[in-house]
Amino acid sequence: MPDDFERMWGDLAPVGRSASSGGYFRQPFTSPERELHAWFGEQCTARGLRIESDDFGNVVGWWDIRSDDPAVLTGSHLDSVLDGGAYDGPLGVVSALAAIDLMRARGVVPSRSLGVSVFVEEEGSRFGLACLGSRLAAGAISWDVARSLTDRDGVALGDVVAGGTSSLLAGVGTFVELHVEQGRDLVDRGTAIGVASEIWPHGRYRFDFTGAANHAGTTRMEDRADPMLTYALTVLAANEQARLAGHRATFGRVSVEPNGTNAVPSKVTGWLDARCATDAGLAELVAAIERQAAERTEVDGTSLRLTAESVSGSVAFDPALAAAVAADHEGGDWPIIATQAGHDAGILSAAGIPTAMLFVRNPTGISHSPDEHASIADCLVGVSALADTLERLTR
Ligand code: HGY
Ligand code: MN
Ligand code: MN
């Protein structure tokens, strides 16, 4: 089995990888990501898995078993954030294929169909909405709304994929997603595998600060309406709010118009990624940041427009399923832990499909970075853990 996993992992390693940073640029419906989808199709065909695609680019490879019982689905995503790591997403897909290989090597025949899924645009790195593919598959967003989402070049989702309907989840009774841990809980506990209890609510909010373009030299400081100043103080306010309350607030993306060196900008747009343990806490955090930004616009003579671009409510995974997945393993029960990272599993869980997540230890906890890593040994433990879990669920 190790060679299966390592062979597949080696196939993916060069695809969409930056020569300078070593990070990955696998945005949905771009050639590196389409190359990964083609690879996935070949892997499914090589295993005799029936390939089913929906109108949005989501794909499932089915191990069809004649049964009246609802199917079990496992999988993750192949798209990445900009300059992302190798594991976030692909680890769950490669591990699912390797887990099927391992089950077959063990002589296991499922009592119900078992599918391996790849949902598109989980990161929302191109069209701005997190878990776009799984939201479309689960009916959490309509195609009419999603088709108009645009990327930074103004290309609409409807321009790159046909759209329509999806029935990929119609007969699915349980979903399991294996994912590299994006944090340090497992490494601090000294254990390789964990199970998810919940996903923190989180959202992405666009702050448009408008001011007045002017000369960087001849305009006195007191005569300016500088949106960069309002933006900068909003970033500081968000950081302070989150730090004091134990939440998360990040401005990782900004655009400046006209972005000149010797001019006061006319407009600065910043995107806030905010996350809290509760829905109410998230709303309060964003409201507090918005309030402080608005107060600052009064001082700077600028204006603010706030748009919520992507909001994911809190997810509590099925506790009985989590407990059943985590229990009775060599070396003891797997820990059940919360995550602040969003996943397709959260969308399917919120859509009413009993869902579990397996986490594989990340020795540094770093993610959404070229430095994201998991050891091959832990990845192979993950494959075996996923095979055990799928065996239990398809018995
Ligand atoms: O942003 C997230 O939480 C996830 O990695 N998509
Ligand atoms: Mn992910
Ligand atoms: Mn991610």
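Two strands count as paired if DSSP finds at least two bridges between them. Keep that in mind for this tour of a predicted model.

**Stop 1: a strand pair.** Select residues 202–210, strand 7, and residues 267–275, strand 11. Nine bridges join them, and the two run antiparallel. Now pick D208: T269 of strand 11 stands opposite.

**Stop 2: the whole sheet.** Add strands 9 and 12. The four strands make an open sheet, ordered 9-11-7-12, with antiparallel pairing. Look at the edges: strand 9 (248–257) and strand 12 (303–312) each have a single partner strand, so one side of each has no neighbour in the sheet. From one strand to the next, the twist averages 15 degrees.

**Stop 3: the helices on the sheet.** Select residues 227–245 for helix 8, which lies across strands 7, 9 and 11. Helix 8 runs at about 170 degrees to strand 9. Next, select residues 279–300, helix 9. Helix 9 packs on the sheet and touches strands 7, 9, 11 and 12. Its direction makes about 10 degrees with that of strand 7.

**Stop 4: the manganese ions.** Move to ligand 3, a manganese ion. Which residues supply its protein donors? They are D88, E123 (listed with two OE donors) and H368, at 2.0 to 2.7 Å. Along the chain, the donors follow the spacing D-x34-E-x244-H. D88 sits in the loop between strand 3 (71–76) and helix 3 (90–105). E123 sits 35 residues away, in the loop between strand 4 (114–118) and helix 4 (132–138). Both D88 and E123 are buried.

Finally, show ligand 2. D88 bridges this manganese ion and ligand 3, and the two ions lie 3.6 Å apart.

Key. Residues are numbered from 1 along each chain as its sequence is written. Chains are lettered from A and ligands numbered from 1 in the order in which they are written. This is a predicted model: local features need pLDDT of at least 70, side-chain atom pairs count only at pLDDT 80 or more; totals for chains, interfaces and linings use all residues. Side-chain values use heavy atoms; hydrogens and water are left out. Axes are lines fitted to C-alpha atoms, for helices over the stretch in contact, and angles run from 0 to 180 degrees between N-to-C directions. Contact means heavy atoms within 4.5 Å. Donors are N, O and S atoms within 2.8 Å of the metal (3.2 Å for Na, K and Ca); water is not among the atoms, so sites may look incomplete. Buried means under 20% relative accessible area, exposed over 50%, partly exposed in between (1.4 Å probe, protein chains only).
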